[in-house]
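Reader: Hi! Could you walk me through the pockets and the core of this protein?
Author: Happy to, let's take a look together.

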Amino acid sequence: MTRSNSLGNSTDRLGEGKILPLVFKLTIPAVIAQLITFLYNVVDRMFVAKIDGAGMDALAALGIVLPITLIIQAFAGLIGLGAAPRASIKLGEGNKKESDKIFNTSLVLLLIVGIVISLLTYFFAKPLCIAFGCPQSALEFATSYLKIYSFGTLFVLFAQGLNPFITAQGASMIAMFSILIGAIINIALDPLFIFVLNMGVKGASLATVVSQSISFLWIIAFFFSKKSIFKFSFKDMRLQPRRIMSIFSLGFTPFVMTITECAIQIVFNINLNNSTGGNKDYTAALTIMLSALQLISLPLNGLGYGMQPFVSYNYGKGDAARLKKGINYVTLIAFIFALVLWTLSLAFPQLYAYIFSASDSVRAIVKQYTPLFLMGSIMFFVQMTLQNINVALGQAKSALLLAVTRKVIILIPLCFALTHFLGFKGVYMSEGIADFIAGAITSAVIFTTFPKIFKKRENYVKSQLEQSENKDDNDIK
């Protein structure tokens with residue numbers, strides 16, 4: 001079993017470089033990229049909250065639209081985050097030809113899915129916003145935002161679906177810049193479109209579309225450059241069911257993680273709307289709390305995403321010792337990060353309300369209930385970081401079960417039950433309680449199964465190498 005030597009230093013260092021410096025080199029850009037993604041989601045909310053006379057309605061509207069846009073982005077994860085680890089594993093095995101076919105298959109899938117979702121989002125914008133629990137006073141804002149966003153759906157899917165292939169090559173800095181460019185443009189265009197051109201919520205959506213389209217152009221340019229291992233090839237774009245299922249089977253886990261995240265936000269919005277009589281202040285406060293939750297979870301996601309090429313490549317090689325050491329490093333980093341941000345968030349929850357220029361009534365809700373909402377987020381070092389590493393190891397079934405457990409099995413039923421008995425307070429309490437329980441379950445599963453996975457893969461690769469060597473010896477004889 002021979003390995004290709006044509007892949008260059010970009011992947012060689014994944015299997016040979018010093019581990020701790022490599023961990024930082026891979027994860028820091030990925031964490032920054034996730035923080036930039038957080039800015040993408042938050043900047044629009046910060047600016048629309050300042051719209052004179054309609055700020056809290058506009059903020060509530062974006063809180064409704066957020067899960068819809070996340071569902072759209074989940075399809076990018078279904079394809080990109082399913083295909084990129086598969087391609088990395090093939091690179092680790094030395095099978096460059098198959099990794100290219102996986103890349104080009106993903107391109108076609110993103111195109112097809114993007115067109116379909118764009119049409120559905122535009123023509124069903126208003127019914128979607130109503131179904132997702134939008135307060136009547138915010139419905140017009142939410143609908144107008146979503147209709148404009150639908151025109152950029154294709155750019156969103158390509159930008160977020162192809163960027164993991166840049167990370168898979170070990171080019172974390174380039175992947176980070178592809179997100180950074182869009183974020184900077186979004187921040188610059190938001191005040192111009194919202195206030196100077198007086199477009200309001202429509203301006204926030206248009207700024208997002210323009211910025212995502214520029215990120216898309218940056219990413220496409222990279223794949224046409226000499227730096228990219230993966231290349232566009234029409235002959236490799238032929239869709240094969242086996243390859244598609246391989247991509248979807250692994251991508252289904254991050255897809256479900258995002259979809260269930262959206263599902264619980266919908267459940268939150270509906271329960272708040274029903275238990276408060278449609279009071280927009282509670283929906284606006286929830287939007288702020290969810291932003292705080294993202295501030296903790298997205299960087300931890302970034303740690304896991306950044307480590308995926310290292311994990312997938314060394315898993316492909318069967319290097320158990322290197323895998324264990326790298327994962328131990330990133331687990332410790334993730335725990336320290338989660339602990340610091342969790343402590344600050346529980347100690348000073350009112351800071352989030354000030355960031356969003358919340359009204360006095362909304363600020364009071366945020367200050368009182370954010371500690372309950374975030375109390376389980378300390379477990380995200382497992383839920384986010386190690387869950388992504390589980391995906392990178394190709395453990396599709398295990399990762400999917402853990403993803404479903406947190407939101408579908410625990411949180412959604414808990415939210416309905418607590419809201420029934422405690423009113424709107426149950427909505428805010430359910431998140432924190434569920435995160436603690438699910439984190440404990442995920443920890444038990446991951447810390448007991450990882451050593452077995454490493455050992456099994458190491459033995460498999462050794463047996464393949466022995467068979468190959470025996471075959472070579474027989475051929476010589």
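Reader: How much space lies in the largest pocket?
Author: About 200 Å³ in this predicted model. A pocket here is an open set of points on a 1 Å grid over the protein atoms alone, where a 1.4 Å probe fits, with protein on both sides within 12 Å along at least five of seven lines. The volume is the space filled by probe spheres set on the points, which are joined across faces, edges and corners.

Reader: Which helix gives the largest share of its lining?
Author: That is α12, with six residues; helices are DSSP runs (H or I, at least four residues), numbered from the N terminus. Lining residues have an atom within 4 Å of a point, and they include Ala320, Lys324 and Phe450.

Reader: Cool! Now the core: how many residues has the largest nonpolar one?
Author: The largest has 75 residues. Such a core joins buried Ala, Val, Leu, Ile, Met, Phe, Trp, Tyr and Cys through side-chain atoms within 4.5 Å, buried being under 20% relative accessible area (1.4 Å probe, protein chains only). Helix α11 supplies the largest share, 18 residues.

Reader: And what does valine 311 contact?
Author: Beyond neighbours within four places in sequence, Leu323, Ile327 and Ile389 are among its contacts (heavy atoms within 4.5 Å).

Reader: Anything on the numbering and the model?
Author: Residues are numbered from 1 along each chain as its sequence is written, and side-chain values use heavy atoms, leaving out hydrogens and water. As the model is predicted, local features need pLDDT of at least 70 and side-chain atom pairs count only at pLDDT 80 or more, while totals for chains, interfaces and linings use all residues.

Technical notes
Helices (H or I, at least four residues) and strands (E, at least two) are DSSP runs, numbered from the N terminus. Buried means under 20% relative accessible area, exposed over 50%, partly exposed in between (1.4 Å probe, protein chains only).
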